[in-house]
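Biologist: I would like to learn how to read salt bridges in a protein model. Could you take me through it step by step?

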Amino acid sequence: ADEARELFPWMGDPFAERERMSREQFLKLETFGAARLAELSAAEIGERLQPLRMVVRMARDTKVLAMIIPDRFQVEDYLWEKIQPPGASEKLRMRSLWITQEMLKREGVPYLSLVPALRAVPSMEDGSRHLYHLNDTHFNARGNRVAGEALAAFLEEHLEPAG
């Protein structure tokens, strides 16, 4: 662990992380993503659940669970303030997540939304929760830890112990 922290100091200190893409590129990517999600109809969001419906049918008696992973702008308030479409509301920001949750409920698929766990992490002095790699949409070590702990609790609640 000490050697890993020496080689990868940002694993323990998000302020030591190097950029994966420029700030400008990242903001363009997130702006596009937020606008695209805002435009999706409930039917289009439902289409994205088709593979899950197939898995549920094929699983027969095997329990199927789902995890909803939010976009970074749905977790980081400072980012949403920078990229939100004109006139956008909090409802629009979270709309795709709420629609997905309602569809999973109707399908009878237990799900874990990572939103509450991720948003429960306090922001640091710069306004970010630092759960994602710098200028990236993927979790860093902190984000993976939060997601992993939430997933472990969810699985403990929904799965029977083996044997």
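Modeller: Happy to! A salt bridge is counted when a side-chain nitrogen of Lys or Arg lies within 4 Å of a carboxyl oxygen of Asp or Glu. Keep in mind that the model here is a predicted one.

Biologist: How many salt bridges does that rule give?

Modeller: The count comes to 9 salt bridges. One that we can look at together joins the side chains of D136 and R20, with 3.6 Å from N to O. D136 sits in the loop between α7 (115-119) and α8 (141-158), while R20 belongs to the loop between α1 and α2, so this pair links distant parts of the chain, 116 residues apart.

Biologist: Is D136 buried or exposed?

Modeller: The general idea is to look at relative accessible area: under 20% is called buried and over 50% exposed. D136 has 8%, so D136 is buried.

Biologist: Which residue forms a salt bridge with R93?

Modeller: The partner is D77, and the closest N and O atoms are 3.0 Å apart. This pair, too, links distant parts of the chain: R93 is in helix α6 (residues 90-107) and D77 in helix α5 (residues 77-83), 16 residues apart. The accessible areas of the two partners are worth reading as well. R93 is buried, at 3%, whereas D77 is partly exposed, at 28%.

Biologist: Where do K105 and E102 lie with respect to each other?

Modeller: Both are in helix α6, and because they are 3 residues apart there, about one helical turn separates them. Their side chains meet in a salt bridge, with 3.2 Å from N to O. K105 is partly exposed, with a relative accessible area of 48%, and E102 is partly exposed too, at 40%.

Biologist: Which residues do salt bridges with shared partners join into one network?

Modeller: D77, E90, R93 and R119. You have already met two of its members, R93 and D77, as a salt-bridge pair.

Biologist: Now a residue of another kind, please. Where is G12, and is G12 buried or exposed?

Modeller: G12 is found in the loop between α1 (2-7) and α2 (23-39). With a relative accessible area of 58%, G12 is exposed, because the cut-off for that word is over 50%. You can also compare position along the chain with position in space: G12 and N144 are 132 residues apart along the chain, and their C-alpha atoms are separated by 13 Å.

Definitions and conventions
Residues numbered from 1 in each chain as written. Predicted model: local features only at pLDDT ≥ 70, side-chain atom pairs only at ≥ 80, totals over all residues. Heavy atoms only, no water. Helix = DSSP H or I, 4+ residues; strand = E, 2+ residues; numbered from the N terminus. Buried < 20%, exposed > 50% of the residue type's maximum accessible area, 1.4 Å probe, protein only.
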